[in-house]
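Biologist: Could you take me through one part of this model up close, slowly enough for a first-year student? I'd love to hear about the contacts between side chains.

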Amino acid sequence: MEQPVATTWRRKLAVVVVLALVVFGVATVRLFVLPELTPLPAHADAIIELAGPGNRDAATMALVHAGKAPVVAQSTVPVEAGTHRCLPASAGVEVLCFNPDPGTTRGEARYIGEMAAQRHWQSVIIVTTPDHALRAQLRVSRCFPGTVYVATAPLPWWDWFRQIPYQWAASAKALLFQTSC
């Protein structure tokens with residue numbers, strides 16, 4: 001007995017939808033949940049903590065205490081820049097706070113590029129969360145000709161629901177529309 005044409009098309013459509021969802025899920029995990037990152041070096045010229053969710057301060061301070069760089073810079077909101085809200089002082093490490101303009105990853109990347117040129121940095125470690133890692137690395141590498149490493153801080157589980165759609169959209173914007181520093 002032969003299947004009606006409508007049933008055959010519905011099955012094919014269902015298979016295509018399921019395959020698209022699987023591909024989307026795998027891409028999401030690969031790009032935003034478990035991104036493949038280059039191992040951190042023994043030493044870099046600076047550690048830069050980007051603004052955003054997650055306990056980035058703890059991850060940044062762990063790198064500082066491990067002696068990964070002589071300079072640490074933290075992206076802050078305007079009211080925090082230059083105040084006690086910056087990362088705590090650490091022996092032998094210069095601590096900087098900055099307020100990027102614009103207040104986005106692109107602004108942070110531009111700041112890193114400018115500071116690197118002034119200070120002759122050859123490598124930086126940026127601290128962010130896994131969902132933001134690859135886009136942040138892309139943005140910074142467009143403004144900074146040196147080597148960009150990424151260290152990640154855990155993202156709280158409740159933030160994943162908001163960050164995954166946001167990172168898809170922001171990554172598309174960075175790849176398709178904002179292709180320069």
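Modeller: Sure, let's go through the side-chain contacts, with a stop at two paired strands along the way. Keep in mind that this is a predicted model, so treat what follows as a reading of a prediction.

Let's begin with the rings. The structure holds five aromatic pairs. One of them joins F24 and W168, and this pair is stacked, with 5.2 Å from centre to centre and 20° between the planes. Have a look at where the two partners sit: F24 belongs to helix 1 (residues 5-33), while W168 belongs to helix 5 (residues 157-176), so the pair ties together parts that are 144 residues apart in sequence. F24 counts as partly exposed because its relative accessibility is 43%. W168 comes out at 26% relative accessibility, so W168 is partly exposed too. There's also a third ring to add here, since ring pairs link F24, F32 and W168 into a cluster.

Now look at W157 and W158. Their ring centres are 5.8 Å apart and their planes meet at 80°, so this pair is edge-to-face. How open to the surroundings is each of these two? W157 has 63% relative accessibility, so W157 counts as exposed. W158, at 53%, counts as exposed as well.

One more ring is worth a stop, this time with a charge beside it. K12 lies over the face of W9, at 5.3 Å from the ring centre.

That brings us to contacts between charges. Side chains of opposite charge can pair when their charged atoms come close. In this model the count comes to three salt bridges, and we can visit each one.

Start with E36 and R30, whose side chains meet in a salt bridge at 3.2 Å, N to O. E36 is exposed, with a relative accessible area of 60%, whereas R30 is partly exposed at 40%.

Next come E94 and R119, which form a salt bridge at 2.8 Å, N to O. E94 lies in strand 3 (residues 94-98) and R119 lies in helix 3 (residues 105-119), so this pair ties together parts that are 25 residues apart in sequence. Both ends get a middling label: E94 is partly exposed, with a relative accessible area of 35%, and R119 is partly exposed, with 30%.

The remaining salt bridge takes us back to helix 5, where the side chains of R162 and D159 meet at 2.8 Å, N to O. R162 and D159 are three residues apart in helix 5, so about one helical turn separates them. Is D159 buried or exposed? The cut-off you need is that buried means under 20% relative accessible area. D159 has 9% relative accessibility, so D159 counts as buried.

Let's finish with the strands I promised. Strand 4 (residues 123-128) and strand 5 (residues 147-152) pair in the parallel sense over six bridges. If you want a spot to find in the viewer, I126 stands opposite V150 in strand 5. To get from strand 4 to strand 5, the chain passes through helix 4 (residues 130-143), and this β-α-β crossover is right-handed. As you trace the strands, remember that side chains in a regular strand alternate between the two faces of the sheet.

Definitions and conventions. Residues are numbered from 1 along each chain as its sequence is written. This is a predicted model: local features need pLDDT of at least 70, side-chain atom pairs count only at pLDDT 80 or more; totals for chains, interfaces and linings use all residues. Side-chain values use heavy atoms; hydrogens and water are left out. Rings of Phe, Tyr and Trp (its six-membered ring) pair if their centres lie within 6.5 Å; planes under 30 degrees apart count as stacked, over 60 as edge-to-face and the rest as tilted. Helices (H or I, at least four residues) and strands (E, at least two) are DSSP runs, numbered from the N terminus. Buried means under 20% relative accessible area, exposed over 50%, partly exposed in between (1.4 Å probe, protein chains only). A charge sits over a ring if NZ of Lys or CZ of Arg is within 6 Å of the ring centre and within 35 degrees of the ring normal. Two strands pair if DSSP finds at least two bridges between them. A crossover is right-handed if, with the strands pointing away from the viewer, the path from the first strand over the helix to the second runs clockwise. A salt bridge is a side-chain nitrogen of Lys or Arg within 4 Å of a carboxyl oxygen of Asp or Glu.
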